[in-house]
Amino acid sequence: MGMTDHHDDPHAGDPPLRLAVIIGSTREKRFAPTVAGWFIEQLRDRDDFELDLVDLLDAALPDRLMATDDEAVRAFRRRIDRADAFVIVTPEYNHGYPAALKQAIDVGYAEWRAKPVGFVSYGGMSGGLRAVEQLRLVFAELHATTIRDCVSLHNPWSMADGAALVGAEIAASTMLDQLSWWGAALRHARTTTPYAA
């Protein structure tokens, strides 16, 4: 009689998770696309994610939210709704995260619910961690689950530093493993039992 392996992945064979990587800065001469490009490279050998790169500069969300959504807001909300998981790429500005990112988060509500959110942050000595801590509070209010481990790049403007990048690659792998677990678990839960906020 054969032995059963109880450690088999219960989600093996499931379709890839739809991962929205959101570039959270719209500033002129921003560094965010460089960081996002590096992070996307970390997904190259993974088959558990299907990427949707969401650049807030291209999303062209309005500065002022109206009572009725315009087409840019509707299109953005559709992309968020389709996603199974998120990674927010954010700088730290004055101990916080960009206003454009807060606006993007606020245009949706139910679209974020019961989904996992990971973070790739960058900045000076703090590596953007103060921005991430604030974002955790915001996403908790939206009934989203934030991933404990994140990627924090300290002074990343010299990203040719091989040693620093090796550490960041390990952090990215850890965060993605956790995001994959939560993404699969929460997708299954949303499919079987509608989430009640």
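**Exercise 1: Charges**

Find how far apart the mean positions of the positive and negative charges of the protein chain are.

*Solution.* Keep in mind that this is a predicted model. Start by counting: the protein chain has 20 positive and 28 negative charges. Next, take the mean position of each set; these two points lie 7 Å apart.

**Exercise 2: Overall fold**

Work out which pattern of helices and strands the protein chain follows, and how its radius of gyration fits the globule rule.

*Solution.* First, list the elements: there are six helices and six strands. Then read along the sequence to get the pattern β-α-β-α-α-β-α-β-α-β-β-α. Now turn to the radius of gyration, which is 17 Å, while the globule rule gives 16 Å for 197 residues. These values are close, so the protein chain is as compact as a globular protein of that length.

**Exercise 3: Arg30**

Locate Arg30, decide whether Arg30 is buried or exposed, and name the partner of its side chain in a polar contact.

*Solution.* Begin with the place: Arg30 sits in the loop between β1 (17-23) and α1 (32-41). Next, check the relative accessible area, which is 18% for Arg30. Buried means under 20%, so Arg30 counts as buried. Then look at the side chain of Arg30: its polar contact is with the side chain of Asp55, at 2.8 Å. Finally, leave out residues up to four places away in sequence, and you will find Arg30 touching Ile23, Ser25, Asp55 and Leu57.

**Exercise 4: Burial**

State what share of the 197 residues is buried.

*Solution.* Buried residues account for 44% of the protein chain.

Notes. Residues numbered from 1 in each chain as written. Predicted model: local features only at pLDDT ≥ 70, side-chain atom pairs only at ≥ 80, totals over all residues. Heavy atoms only, no water. Helix = DSSP H or I, 4+ residues; strand = E, 2+ residues; numbered from the N terminus. Rg over C-alpha atoms; globule rule 2.2 N^0.38 Å. Buried < 20%, exposed > 50% of the residue type's maximum accessible area, 1.4 Å probe, protein only. Lys, Arg positive; Asp, Glu negative; His and termini not counted. Charge placed at Lys NZ, Arg CZ, Asp CG, Glu CD. Polar contact = N/O pair within 3.5 Å; in protein donor to acceptor, adjacent residues only side chain to side chain. Contact = heavy atoms within 4.5 Å.
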